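The following exercises concern helix geometry, packing and burial. Each task is followed by a solution in steps.

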Amino acid sequence: MGRSRRTLPEELLLLALDPATGTTAQPQSLDLGLAGAQLVELALAGRIAPDGDRIAVVVPRPTGDPTLDCALELLRRRGAPVRAVHWIGGPRLGLRQTYLSHLERCGMVHAVAGQMCGVLPTTRYQATDTEISREIRARLDSAIRTGVPPDPRTAALAALAHAVGLGKHLYPGNEGRSSRSRLRDLIRHDPMGGLVAHAVMDVQNGVAAQPRRSSAPAGRQAPGGRGAPEPARGVPAQPHRGSMARAVAH
């Protein structure tokens with residue numbers, strides 16, 4: 001995998017970054033979304049594939065992206081396909097800071113040191129090239145307004161943005177209600193993105209321990225085309241921290 005294309009985790013994080021404040025929207029659920037975005041990116045690269053509600057490694061060859069390859073190696077070590085909801089709900093804390101630091105090294109954001117209440121040190125991140133963020137946003141806007149089925153990458157990005165609750169950040173207020181609804185509906189255009197997005201929402205809703213049924217209950221469509229509910233605001237406590245966990249900057 002070359003570095004000519006931004007990865008889905010990078011794009012999701014840039015979407016969540018508030019240009020005015022330098023903070024990220026939906027910080028609690030964003031770590032989950034970034035873990036899901038890694039899975040979709042690895043699937044697009046042909047390294048993993050969905051197996052029902054599980055994720056299987058099909059080509060363990062590294063992609064060349066250190067952060068993605070770390071996730072790929074952890075998946076490979078599992079030996080057997082792992083449920084997407086268990087992977088995303090596992091020790092994925094710290095991905096937000098990992099990717100913020102990565103974007104800073106790439107020159108796409110720069111860190112601004114500050115203090116909270118004049119005492120606690122904080123770090124905010126400002127985009128150095130707002131054109132990149134505008135281009136990412138324009139892809140979503142085009143898919144929402146035209147109704148034309150988007151490419152798998154844009155469809156997955158839309159699904160993940162909805163899953164972590166970025167809809168109200170991207171399309172606020174009553175005037176953005178129809179756009180938020182169409183953002184949610186884009187989830188059906190990419191099977192892998194839909195699987196991962198629903199896993200992200202399941203973790204937030206505290207149903208990670210329950211296996212997903214092959215047939216949907218009454219009043220709820222199957223993952224390929226159901227309208228997803230607004231994600232819960234809280235995230236259940238993680239059982240432990242993994243090697244990728246790092247302190248999260250605010």
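**Exercise 1.** What span should the 14 residues of helix α10 (residues 191-204) have at 1.5 Å a residue, and how far apart are its end C-alpha atoms?

*Solution.* The coordinates belong to a predicted model.
- Step 1: the expected span of a helix is 1.5 Å times one less than its number of residues, so the 14 residues of α10 should span 20 Å.
- Step 2: the end C-alpha atoms of α10 are 20 Å apart, which agrees with that expectation.
- Step 3: as to its surroundings, α10 is largely enclosed by the rest of the structure, because 13 of its 14 residues are buried.
- Step 4: just after α10, Gly206 adopts a positive phi of about 75 degrees.

**Exercise 2.** Apply the span test to helix α3 (residues 66-78), then describe its start, its end and the cover of its buried residues.

*Solution.*
- Step 1: with 13 residues at 1.5 Å a residue, α3 should span 18 Å; the distance between its end C-alpha atoms is 19 Å, which agrees.
- Step 2: at the start of α3, the backbone nitrogen of Thr67 has a side-chain oxygen of Asp65 within 3.1 Å.
- Step 3: just after α3, Gly79 has a positive phi of about 85 degrees.
- Step 4: the buried residues in α3 are Thr67, Leu68, Asp69, Ala71, Leu72, Leu74 and Leu75. Their cover includes α2 (27-44), β1 (48-51), β2 (54-57), β3 (82-83), α4 (84-88) and α5.

**Exercise 3.** Classify the crossing of helix α1 (residues 8-16) with helix α5 (residues 95-105), and characterise the contact by residue class.

*Solution.*
- Step 1: the two axes come within 10 Å and cross at roughly 95 degrees.
- Step 2: angles of 65 to 115 degrees count as roughly perpendicular, so α1 is roughly perpendicular to α5.
- Step 3: α1 contributes Pro9, Glu10, Leu13 and Leu14, which meet Arg96, Tyr99, Leu100, His102 and Leu103 in α5.
- Step 4: by class, this contact of α1 with α5 comprises 6 nonpolar, 1 polar and 2 charged residues.

**Exercise 4.** Is Arg153 buried or exposed, and with which residues beyond its sequence neighbours is Arg153 in contact?

*Solution.*
- Step 1: Arg153 lies in helix α7 (residues 152-163).
- Step 2: the cut-off for buried is under 20% relative accessible area; Arg153 therefore counts as buried, at 10% relative accessibility.
- Step 3: leaving aside neighbours within four places in sequence, Arg153 contacts Arg5, Arg6, Thr7, Leu8, Glu11, Glu41, Leu44 and Arg139.
- Step 4: for the protein as a whole, buried residues make up 48% of the 250 residues.

Conventions. Residues are numbered from 1 along each chain as its sequence is written. This is a predicted model: local features need pLDDT of at least 70, side-chain atom pairs count only at pLDDT 80 or more; totals for chains, interfaces and linings use all residues. Side-chain values use heavy atoms; hydrogens and water are left out. Axes are lines fitted to C-alpha atoms, for helices over the stretch in contact, and angles run from 0 to 180 degrees between N-to-C directions. Helices (H or I, at least four residues) and strands (E, at least two) are DSSP runs, numbered from the N terminus. Angles under 35 degrees count as roughly parallel, over 145 as roughly antiparallel, 65 to 115 as roughly perpendicular and the rest as oblique. Contact means heavy atoms within 4.5 Å. Ala, Val, Leu, Ile, Met, Phe, Trp, Tyr, Cys and Pro count as nonpolar, Asp, Glu, Lys and Arg as charged, and the others, Gly among them, as polar. Buried means under 20% relative accessible area, exposed over 50%, partly exposed in between (1.4 Å probe, protein chains only). A polar contact is a pair of N or O atoms within 3.5 Å; within protein, one must be able to donate a hydrogen and the other to accept it, and residues adjacent in sequence count only if both atoms are side-chain atoms.
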